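Please examine the structure shown here together with its sequence. The explanation is meant for a reader who has not met this structure before.

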Amino acid sequence: MSSWCVVLDGSELPSREEIGGKAWSLARMRRLGLPCPPAFVLPTRVCREYDAGAELPPHVEDALRAGVAYLEAETGRRFGGGEQPLLLSVRSGAPVSMPGMMDTVLNLGFDDRVERALAAEAGDPAYATDTHSRFVASFGRIVLKADVEDDTRSPHELRRTVLAETGRPVPDDPWEQLREAVRAVLGSWQSRRAKAYRLHTGIPDDLGTAVTVQAMVFGNMGENSGTGVLFSRDPMTGAAEPYGEYLPRGQGEDVVSGERTPLPLAHLAEQLPDVHRELLAAARRLEAEERDIQDIEFTVQGGTLYLLQTRAAKRSPEAAVRLAVDLVDEGLINEDEAVARVSAEQVRQLLRPRLDPEDRRDATVVATGEAASPGAGAGLALSDADEVVERAARGESVVFLARTTSPEDVHAMIAAVAVCTETGGSTSHAAVVCRGLGRPAVVGCGPGVVDGLSGREVTVDGALGSVFDGLLPLRSVDPEGDDRLRRLTAWAVAATHVDVVTGTADGDIRDLDELGVVEVADVEHAVTGATAVRGGVVETDAGVAAAIRGGVRRIVTDRPLPVLLAAAAQQRAADARGPLVGLGARSAG
């Protein structure tokens with residue numbers, strides 16, 4: 001329609017950098033003929049303009065009106081009134097996936113007239129009131145910054161609460177609602193949690209977020225409605241079988257927030273078998289098209305399936321390695337792509353010590369829940385997110401306890417050695433972020449866990465879904481005992497121009513530890529003239545890159561694969577810039 005309002009009808013497929021990953025996936029799914037509610041997007045440059053001036057550029061108003069007119073034409077509904085009112089979701093969408101880090105406002109467009117029209121159309125006043133309450137709570141919390149967690153009260157009660165807390169009313173004018181929601185979504189790009197996540201994951205601050213505006217569909221409309229998340233394969237193990245959860249009579253925020261614990265996907269298969277088959281068929285097609293495991297958000301409204309988003313799934317380190325190798329065997333990716341799919345940090349996480357079955361056998365279980373992210377972590381259990389960060393910064397091992405994690409807690413999830421929650425399922429925000437970070441996690445352990453475990457030393461086993469009393473011993477992992485790790489190592493060797501060998505290597509080796517070189521900034525100068533180096537600093541991604549820039553051709557380490565993957569990543573970056581200077585072919589030694 002214009003450069004400021006991109007319609008996501010599948011006729012065009014702009015770049016992710018322009019419209020963000022969420023909008024790109026919607027356009028992609030519409031192009032494939034999959035069932036998605038109509039949507040349009042304000043591109044990422046709107047966010048950059050907003051950040052520069054803290055106001056909506058004037059042309060955004062025209063873009064919003066043009067986009068809403070498109071949605072009205074597609075749905076036959078009218079925004080802000082009529083017998084068939086159009087309600088909207090306003091979602092963030094960065095070019096790089098940042099699950100849960102930015103804001104979303106759902107059910108936008110409500111006033112009392114819209115509630116009455118929706119009740120008459122559905123023949124269910126309770127559903128219309130519930131949806132209105134959800135909107136007021138969401139708008140009050142996200143846009144007006146009110147402390148409104150309980151959306152079960154009536155809309156009028158919630159409106160009074162928001163006004164009393166903030167001094168600002170939830171507006172009835174749908175266009176004012178839309179403008180304010182867009183501002184809130186754009187502003188969330190600079191939120192503390194988003195900045196912390198970008199800093200930890202290396203996402204540039206200047207990308208900005210797009211704003212996707214989509215016609216609402218309602219998982220809370222009656223018995224044959226619900227919402228869920230489907231992974232085309234198991235994101236914890238990488239096993240080639242669908243994995244997901246379904247929440248009847250719910251909306252998507254109920255699942256991803258962890259506030260309600262959903263049911264296994266088998267419940268959808270029992271209740272609505274045709275919808276379940278359609279969902280799995282869509283997942284298979286999307287995985288084949290994208291050549292990667294997919295994380296699919298969906299809603300069922302009155303027995304009709306709608307796909308709201310698909311993206312490459314966050315996965316545990318175990319799953320990352322298995323998927324990289326399995327997808328090569330299935331012919332979906334090549335060996336170089338497999339190397340690029342696994343990060344050095346994921347392998348470091350995978351090789352970290354874990355619980356031995358013999359030690360688990362005699363240990364006391366103090367909590368059980370859903371296995372959400374594999375691995376093991378032991379430390380002092382604390383529920384104050386800021387205290388977790390402070391103690392971790394002092395070198396303590398801390399387990400983060402939460403009743404239900406909020407995106408605001410991401411700094412604690414990054415600092416902790418493991419995470420445990422009282423509510424939520426394996427597709428909740430806590431579970432998804434922990435898998436992406438490689439943090440062991442057990443979720444949905446039930447009420448009382450936070451109070452019962454705070455201040456105690458515990459060990460979390462994210463593969464079993466168990467929390468044990470005390471600090472159990474953790475055993476080292478032997479990478480030579482895993483066929484997939486061996487194959488990935490061989491492919492990484494072929495993808496790099498640097499020799500990475502074990503600590504038994506012969507020859508003249510410059511030991512940076514003995515020289516006292518511990519800062520990455522000192523590496524490039526310290527390795528000048530050396531052909532082989534070792535040391536803790538060149539076990540890190542930045543240290544490997546600095547050593548390669550300094551002309552090193554051989555790195556000696558006890559754990560070759562993470563160093564190889566870091567070297568391969570540096571090689572890909574260098575190839576993107578042009579031929580490496582002063583670096584010969586990989587030696588055969």
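The following paragraphs proceed from the chain as a whole to one of its sheets.

The model is predicted. Its protein chain contains 23 helices and 26 strands. For 589 residues the globule rule gives 25 Å, and the radius of gyration of the chain is 25 Å, so the chain is as compact as a globular protein of that length. Along the principal axes, the C-alpha atoms occupy a box of roughly 80 × 55 × 50 Å.

The interior and the surface may be considered next. Of the 589 residues in the protein chain, 55% are buried, that is, under 20% relative accessible area. Among contacts with a separation of 6 or more, 64% are between residues 24 or more positions apart. The area that the protein chain exposes is about 23600 Å², and 49% of this area comes from carbon and sulfur atoms. The chain carries 62 positive and 89 negative charges, and the mean positions of these two groups are 2 Å apart.

At the level of individual elements, an open sheet is formed by 5 strands with antiparallel pairing, in the order β10-β9-β8-β11-β12. Its edge strands are β10, residues 263-264, and β12, residues 304-312, each of which pairs on one side only. Within this sheet, strand β8 (residues 226-231) and strand β11 (residues 294-301) run antiparallel and are joined by 6 bridges. The position of one residue illustrates this arrangement: Gly-226 stands opposite Val-300 in β11.

Note on methods. Residues are numbered from 1 along each chain as its sequence is written. This is a predicted model: local features need pLDDT of at least 70, side-chain atom pairs count only at pLDDT 80 or more; totals for chains, interfaces and linings use all residues. Side-chain values use heavy atoms; hydrogens and water are left out. Helices (H or I, at least four residues) and strands (E, at least two) are DSSP runs, numbered from the N terminus. The radius of gyration is taken over C-alpha atoms; the globule rule is 2.2 Å times the number of residues to the power 0.38. Buried means under 20% relative accessible area, exposed over 50%, partly exposed in between (1.4 Å probe, protein chains only). Contact means heavy atoms within 4.5 Å. Accessible areas come from the Shrake-Rupley method with a 1.4 Å probe; for residues, only the protein chains shown count as cover. Lys and Arg count as positive and Asp and Glu as negative; His and the chain ends are not counted. The place of a charge is taken as NZ of Lys, CZ of Arg, CG of Asp or CD of Glu. Two strands pair if DSSP finds at least two bridges between them.
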